[in-house]
Amino acid sequence: LEGKLLTFVDTPGHEAFSTMRQAGANATDLVVLVVAADTGVQPQTVEVITMVQRLRRPVVLALNKIDRGDALVPRILAELSEKFHLDSEEIGGDVPTVRTSATEGTGIQDLIRALLRVSEATDLTVEVEEPASQEGSGKSSSTSSSNSNTMELLVLEARPTARAGATITAIPRTGDRKSVV
């Protein structure tokens with residue numbers, strides 16, 4: 001949108017994935033807090049809010065499933081404000097809030113605009129002036145398997161480990177991970 005690129009780290013909302021949510025929170029600069037408008041604040045929502053506040057990450061609130069007839073938006077906004085001091089712009093606060101419906105595609109462009117607005121306001125931009133270092137950071141790489149499938153990766157970080165191989169953090173650019181592994 002608007003010639004800008006965003007990278008998302010999506011973590012599972014199921015309560016069993018606490019460690020993954022913590023890793024996601026640690027790796028991000030900006031958090032989209034997704035709250036289902038039909039069920040409201042859940043224990044894992046509280047967990048994420050605690051992480052985000054401890055890490056002092058800016059938040060954009062996405063109220064999803066807004067198309068459902070049983071949406072509880074006023075109750076959710078009041079609870080987030082009263083219990084967690086997350087005051088939505090809809091009630092005079094400073095937390096950008098977007099109403100979305102994943103099934104209908106409603107509000108997605110507004111969510112992206114809100115993310116861009118917050119990232120620009122908090123100066124979350126990256127200026128690349130030279131190629132990445134020899135260690136592979138930021139380099140494009142590809143891997144393939146014996147069945148000729150190829151996957152191109154943008155390597156963000158590569159560190160040798162005590163065991164064989166390296167720990168690599170990468171973003172897939174093209175290809176299918178399942179066909180390469």
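**Close-up views of a predicted protein model**

**View 1. Helix H2 and its buried face.** Helix H2, made of the 13 residues 43-55, should span 18 Å at 1.5 Å a residue, and because its end C-alpha atoms lie 19 Å apart, the model agrees with that expectation. Here the expected span of a helix is 1.5 Å times one less than its number of residues, while helices (H or I, at least four residues) and strands (E, at least two) are DSSP runs numbered from the N terminus. This is a predicted model, in which local features need pLDDT of at least 70 and side-chain atom pairs count only at pLDDT 80 or more, whereas totals for chains, interfaces and linings use all residues. Residues are numbered from 1 along each chain as its sequence is written, and side-chain values use heavy atoms, with hydrogens and water left out.

Which residues of H2 are buried? They are Gln-44, Thr-45, Val-48, Ile-49, Met-51, Val-52 and Leu-55, where buried means under 20% relative accessible area, exposed means over 50%, and partly exposed lies in between (1.4 Å probe, protein chains only). Seen down the axis of H2, these buried residues fall within an arc of 165°, so they line one face of the helix; the arc is that of the directions from the helix axis to the C-beta atoms. On the other side of H2, Pro-43 and Arg-54 are exposed, and just after the helix Arg-56 takes a positive phi of about 60°.

**View 2. Helix H4 and the strands it packs against.** Helix H4 (residues 108-121) has 14 residues, and from its first C-alpha to its last it reaches 20 Å, close to the 20 Å expected at 1.5 Å a residue. Its buried residues are Leu-111, Ala-114, Leu-115, Leu-116, Val-118 and Ser-119. Which strands do the buried residues of H4 pack against? They pack against strand S1 (31-36), strand S2 (59-64) and strand S3 (97-99), a contact being heavy atoms within 4.5 Å. Just after H4, Asp-123 takes a positive phi of about 60°.

**View 3. Salt bridges within helices H3 and H4.** The structure holds six salt bridges, each being a side-chain nitrogen of Lys or Arg within 4 Å of a carboxyl oxygen of Asp or Glu. Side chains of opposite charge can pair when their charged atoms come close. One of these bridges joins Glu-79 with Lys-83, the closest N and O atoms being 3.4 Å apart, and because the two residues are four apart in helix H3 (residues 73-84), they are separated by about one helical turn. Glu-79 is buried, with a relative accessible area of 17%, whereas Lys-83, at 57% relative accessibility, counts as exposed.

In helix H4, Arg-113 forms a salt bridge with Asp-110, with 3.5 Å between the closest N and O atoms. Arg-113 and Asp-110 are three residues apart in this helix, so they too are separated by about one helical turn. Arg-113 counts as partly exposed at 39% relative accessibility, and Asp-110 is partly exposed as well, with a relative accessible area of 45%.

**View 4. A network of salt bridges.** Salt bridges that share partners join Asp-38, Arg-68 and Asp-70 into one network. Within this network, Arg-68 forms a salt bridge with Asp-70, the closest N and O atoms being 3.7 Å apart. Arg-68 counts as partly exposed at 39% relative accessibility, and Asp-70 is partly exposed, with a relative accessible area of 37%.

**View 5. The nonpolar cores.** The largest nonpolar core has 18 residues, and those with the most contacts inside it are Leu-33, Leu-61, Leu-63, Leu-80 and Leu-86; such a core is a set of buried Ala, Val, Leu, Ile, Met, Phe, Trp, Tyr and Cys residues joined through side-chain atoms within 4.5 Å. The elements that give two or more residues to this core are S1, H2, S2 and H3, and the largest share, five residues, comes from H3. Leaving aside residues up to four places away in sequence, Leu-80 touches Val-41, Ile-49, Leu-61, His-85 and Leu-86. A second, separate core of eight residues includes Ala-62, Leu-111, Ala-114 and Val-118.
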